[in-house]
Amino acid sequence: MNYFTNVDWYDIWMATLDTLLMLGGSLFFTVLLGLPLGVLLFMTGPKQMFERKGLYALLSFCVNVLRSLPFIILLIVMIPLTLLITGTSLGVAGAIPPLVAGATPFFARLVETALREVDRGIIEATQAMGASTRQIIVSALLPEARPGIIAAITVTAITLVSYTAMAGVVGAGGLGDLAIRYGYQRFQTDVMLVTVVLLLILVQILQSLGDRLVVHYSRK
Amino acid sequence: MIEFERVHKTYKVGGREITALEPCDLQIPQGQIFGLIGHSGAGKSTLLRLINRLEEPSGGRILVDGIDVTALPAKGLRQFRQKLGMIFQHFNLLSSKTVADNVAMPLKLAGEHTAAEIRTRVAMLLARVGLSDHADKYPAQLSGGQKQRVGIARALATSPKILLCDEATSALDPQTTAQVLQLLNELNRELNLTIVLITHEMDVIRRVCDQVAVMDAGQIVEQGPVAEVFLHPKHPTTRRFVFEAEQLDENEMANDFAQVQGRIVRLTFQGQATYAPLLGQIARQSGVDYSILGGRIDHIRDVPYGQLTLSLVGGDADAALAQLKAADVTVEVLRA
């Protein structure tokens, strides 16, 4: 263990746990909010079933604003709102609202794109069967777009992993925070190496899990 | 019975009005196979989609079994659509669902059946279209003809009285087309199913339809029983479709006629007259010599027909023609 003199494995373990907590919590709420938002974007979009030019433009604008904001800024700007939602602006709980706010618009756009890939003929056939709008979404659109939506969740999860690295700003901890504070600011290269390798493993697991699920649900 | 009363459809594209369907009156009787033929952009697809209001009419009324479809509110329209089957050129099956789940879909959406009822009905439908062994496959594992048969089973799931076919055979090869048309033919007779089909192939019309309407530039330009329209096309568009299907060329025919002497007549035989040895008999009796310039012999739906173009030389041609007319042969004199 001579090479890893600076590494406190307990700290690493706690940081890993923090990263996983932030990832799990924020991914859950991102999908919960982003999926309906993506469906709404798709449905109100140009030439779709519920084309609403004004509403689509408004939603689209909000999504673009949130997406263009650097995450580190969002983290700080959101502090009052975060306090309101979770009661604290610090730690893992304080990081989740800005993470969700940062990832939801991104995820919603990916969902919108996945839904646009669904053959219009399938929507038409489902309409011709006498399906209600809710039935068209639940029984046709979402099942048909499932591989695309799983791929979107995968990409979003990986994006969230990199966002969590900045969550140290509000004291949320996590592997990225450890890498910045010890690895970068204190020149502890061994800590940097361990955290980066752990993040790499996490991303690898997420990506291959996502890819497998996509293959499993692809029937084309 | 489907009735169109002054139904028309216009689109607005960039401030300009485009007419997809000129005001149109049409009656499609129960139990018939009704064909709509036209080139792409002729308005046939619009007309078909007006029946289940996948396209909203700009004006006029559409009555299906006396119910004004154009006046139905959203919920009523959904219930009406549940009682109407539709199949598509590209099948439009859900790739994420198995064959059985695709067929079950209209029943599940209607929400009026138990799971056991749905299973029984799906098994019966798949057996009817000959796909019982493929129930658990996904559409991507099937051939085009099999996919369309799944489409037909799905369309018939809720026991509709009307089936709309949108270019249902246009993506299939000739042999598969024949099988699918045969299936539609049988279903029409078994279930007294009204079938409205659109196509750009005269051959599809000839093989299965009772009535045909020819569309051009948003208008129905010719309409009638298939035998009448097919054997005696009047409108230029209809003539083009028929000549295309028969690989005939009007210019070539005119050239051929210039080479021969005597009268030129076209004889059309239908039903039993097709099989009778009329031509030889009558030629012997009247002393007329004939040469055959062209002809076609085939079936319209199940009725055999023959159409021959002859030049007549010598003998008593008038008597010969009178005898043919007496034997229910339609005689058209192309050159006196």
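Okay, let's start with helix α3 of chain B, residues 99-110, which is mostly covered: 10 of its 12 residues are buried. Keep in mind that this is a predicted model.

Who's in that buried set? Going along α3(B), we have B:Val99, B:Ala100, B:Asn102, B:Val103, B:Ala104, B:Met105, B:Pro106, B:Leu107, B:Leu109 and B:Ala110. And what covers them? The cover includes pieces of both chains. From chain B there's α2 (74-82), α4 (115-128) and α5 (144-155), and from chain A there's α6 (120-128) and α7 (133-164). After the helix comes B:Gly111, with a positive phi, near 65°.

Staying in chain B, let me move along to B:Thr176. You'll find that residue in helix α6 of chain B, residues 174-191. Is B:Thr176 buried or exposed? With a relative accessible area of 13%, B:Thr176 falls under the 20% cut-off, so we call it buried. If you want a distance to go with that, take B:Ile118: 58 residues separate B:Thr176 and B:Ile118 in sequence, and their C-alpha atoms are 28 Å apart in space.

Now zoom out to the domains of chain B. The assignment gives us domain 1, covering 2-244, and domain 2, covering 252-335. Their C-alpha centres lie 38 Å apart. How many residues are in contact between domain 1 and domain 2 of chain B? That's 15 residues on the domain 1 side and 12 on the domain 2 side. The area buried between these two domains is about 1100 Å², and carbon and sulfur atoms give 46% of that. On the domain 1 side, the residues that lose the most area to domain 2 are B:Arg206, B:Leu231 and B:His232, together 51% of what that side buries.

Right, over to chain A, which lends those two helices to the cover of α3(B). Its secondary structure is nine helices and zero strands, so no surprises when you read off the elements from the N terminus: α-α-α-α-α-α-α-α-α. The C-alpha atoms fill a box of roughly 70 × 40 × 25 Å along the principal axes.

Chain A has 220 residues, and 50% of them count as buried. Looking at its contacts with a separation of 6 or more, 75% come from residues 24 or more positions apart. The accessible surface of chain A is about 11200 Å², with 69% belonging to carbon and sulfur atoms. Last one, on charges: chain A has 14 positive and 12 negative, and the mean positions of the two sets are 10 Å apart.

Technical notes:
Residues are numbered from 1 along each chain as its sequence is written. Chains are lettered from A and ligands numbered from 1 in the order in which they are written. This is a predicted model: local features need pLDDT of at least 70, side-chain atom pairs count only at pLDDT 80 or more; totals for chains, interfaces and linings use all residues. Side-chain values use heavy atoms; hydrogens and water are left out. Helices (H or I, at least four residues) and strands (E, at least two) are DSSP runs, numbered from the N terminus. Buried means under 20% relative accessible area, exposed over 50%, partly exposed in between (1.4 Å probe, protein chains only). Contact means heavy atoms within 4.5 Å. Accessible areas come from the Shrake-Rupley method with a 1.4 Å probe; for residues, only the protein chains shown count as cover. Lys and Arg count as positive and Asp and Glu as negative; His and the chain ends are not counted. The place of a charge is taken as NZ of Lys, CZ of Arg, CG of Asp or CD of Glu. Domain bounds come from an automatic or database domain assignment. Buried area is the accessible area (1.4 Å probe) that two parts lose on being put together, summed over both.
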